[in-house]
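Dear colleague,

I am passing on the structure we spoke about, and you will find it directly below. Please look through it first, and then read on for what I found in it.

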Amino acid sequence: MNLMTLENICKSYSEKTLLENISFGINEGEKIGIIGVNGTGKSTLLKIIAGVEVPDSGTVTKANRVRVEYLPQNPDYNEEFTVLQQVFKGTSSEMKLLLEYQETLDKLNKAYNEDINNKLISLQEKIDTLGLWDLESEAKMILTKLGITNFSQKVKELSGGQRKRISLASALITPCDLLILDEPTNHLDNETIDYLEEYLNSRRGSLVMITHDRYFLDRVSNRIIELDKGRLFSYDGNYSLFLEKKMERLTLEASMEEKRQNLMRKELAWVRRGAKARTTKQKARLQRFDDLVNQDIIKPDEQMDISVGSTRLGNKIIEIHNISKSFDGKCLINNLDYTLARTDRIGIIGKNGMGKSTLINILNGKLSPDSGHIEVGETVKIGCFSQDDSHMHPDMRAIDYVKEGSDYIETSDGSKISASQMCERFLFNSTLQYSLINKLSGGERRRLHLLRTLMTAPNVLLLDEPTNDLDIETLNRLEDYLDEFRGVVITVSHDRYFLDRICNKIFAYEGMGNIHIYTGNYSDYQVYKEVQGIEFEDEKIIKENSTPKKEKPKSAKKLKFSYNEQREFETIDSDIEKLEQKIEQLESDSTKYATDFVKLQEVLDEKANLEKELEFKYERWEYLNNLAEEIENSKN
């Protein structure tokens, strides 16, 4: 069933065209991810779908009785509302009824009044009739999952991230056919993002969202819409399949452009030779040449170029000596001791409010530790890409903001370029360079802040949530730059793809201020925690089954396989081999069906399922072989 159709939508701001004659439909059950470079009109498109903005031209047709719920990037709040009141501040009749009930209940709690009590009873009856008590329970459950447990707390007492999560909870529980989310993963920690993935995957209604979290797109979406220079391209499948199909499209466009150029060269040679007589046929050929010359050129996408050099880094970088930091009696950092190495790429992870940004601010010198000290090497030049852009003066021109860092910078090849040329490389054309900062989109401001940070040629980069509001193309370029960066990188991030790509060490907040250090990227950390959890459960079972009355030496208990483990151990090598052969065959089939997208999707889905099964088998193989080794050692 079609929920909504957009036809020939156009939208411009000043001289900038964001959407140009785009058309597409939204069907029941679709989970659509919208991607594109910052400033291409993604948020504007969401507002048009939600009915918040009207297009300059074109039509939006919505099916009868289709209910739409929209979560903007920067929601509005009533600071005097409690958490639950803010959650129920929706436009649907159900949400209005629950909000009225919460407000009436709050009045009654403050001062008893017979009229208010009667009104409360009447509202309770309506809620009973509509069966909305489950909705209230669901709201409290989702809030708890999002890390909000004090439902009577005032909104004005909450942080920006907590407020965003309240608005997210409100959008998730509001009954609707089409849910629209603008950057839902911003300000969420990894555990909460995992929960949101599960929730959206199990939700029946349709979804349209903007997110730059590539793992999230891969696991939730079944259709990708790309906005590029006012045009729209639609791809069936998740983010991984989108990458493959986009590569096919770009290859085809490049081939078509090459053919056009070749044909134009031949026609140009014919025109220069001159026609013997102006026959109708020759006029038609001249017309074809004219059409070829005036045809829209298929240009490759503009690529952001981060080729910034860095200053030399000496042997001594940063030494952290037993630092501790607390705020309002809450310990955020407890006795952290670490010496940075030249090759360190550190990812700082943990739940919101645990002190990750505090650690970045201490390393940057903005905060001082309560105890301990930090020693910084003489050659260290720190560049900090902060989460907050309040330091960017809204009435300053973009080029002036960049020049505050430096007028010129040395690139990775040793040449010097101006701030204006560097802006061009970061996709700020001459018009954008002289635009006021308050006229730029959120993503464009983040990209400008990144440019300003790199203009100082740092050799130690501190990145606080660098993936928030940056588009995927910019993230890819930033990751490529960090691969070649000859310095230390320390980043706070909830983007699992970014942490996997960049980091070789993880600083994980576990408990009150306790930072545990793990070697490897985020996926390695997850595997370690899973194994640690299994070991903990095994220890717990052994403790529960132990009998303290008769203590036996550990060697008295024989270590051995269970019957099922023995059978699995005997066949697991052949099982793994068969799975690897099947995957290899499917990889061959994917090449064969490259032009048959329906069959290709089936092959890729089967391959993805087999890869998950193979990953599980690898983990079981490692567990069973370690157990076999322990059994063998216990015999000796």
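Below I go from the chain as a whole to two places where helices pack.

Please keep in mind that this is a predicted model. The protein chain has 636 residues, of which 45% count as buried, and its secondary structure comes to 20 helices and 20 strands. Among the contacts with a separation of 6 or more, 68% are between residues 24 or more positions apart. The accessible surface of the protein chain comes to about 34,000 Å², and carbon and sulfur atoms hold 48% of that surface.

The first place to look at is helix H12, which covers residues 398-405 and in which Ala-398, Ile-399, Tyr-401 and Val-402 are buried. Viewed down the axis of H12, these buried residues fall within an arc of 160°, so they line one face of the helix. What they pack against is helix H13 (419-425), helix H14 (430-433) and helix H15 (442-455).

The second place is where helix H3 (residues 93-110) packs with helix H5 (residues 133-145), at an angle of about 80° and with the axes 11 Å apart. Because angles of 65 to 115 degrees count as roughly perpendicular, that is how H3 and H5 are described relative to each other. On the H3 side the contact is made by Glu-94, Met-95, Leu-98, Tyr-101 and Gln-102, and on the H5 side by Trp-133, Leu-135 and Glu-136. The residues of this contact of H3 with H5 divide into five nonpolar, one polar and two charged.

With best regards

Technical notes
Residues are numbered from 1 along each chain as its sequence is written. This is a predicted model: local features need pLDDT of at least 70, side-chain atom pairs count only at pLDDT 80 or more; totals for chains, interfaces and linings use all residues. Side-chain values use heavy atoms; hydrogens and water are left out. Helices (H or I, at least four residues) and strands (E, at least two) are DSSP runs, numbered from the N terminus. Buried means under 20% relative accessible area, exposed over 50%, partly exposed in between (1.4 Å probe, protein chains only). Contact means heavy atoms within 4.5 Å. Accessible areas come from the Shrake-Rupley method with a 1.4 Å probe; for residues, only the protein chains shown count as cover. The arc is that of the directions from the helix axis to the C-beta atoms. Axes are lines fitted to C-alpha atoms, for helices over the stretch in contact, and angles run from 0 to 180 degrees between N-to-C directions. Angles under 35 degrees count as roughly parallel, over 145 as roughly antiparallel, 65 to 115 as roughly perpendicular and the rest as oblique. Ala, Val, Leu, Ile, Met, Phe, Trp, Tyr, Cys and Pro count as nonpolar, Asp, Glu, Lys and Arg as charged, and the others, Gly among them, as polar.
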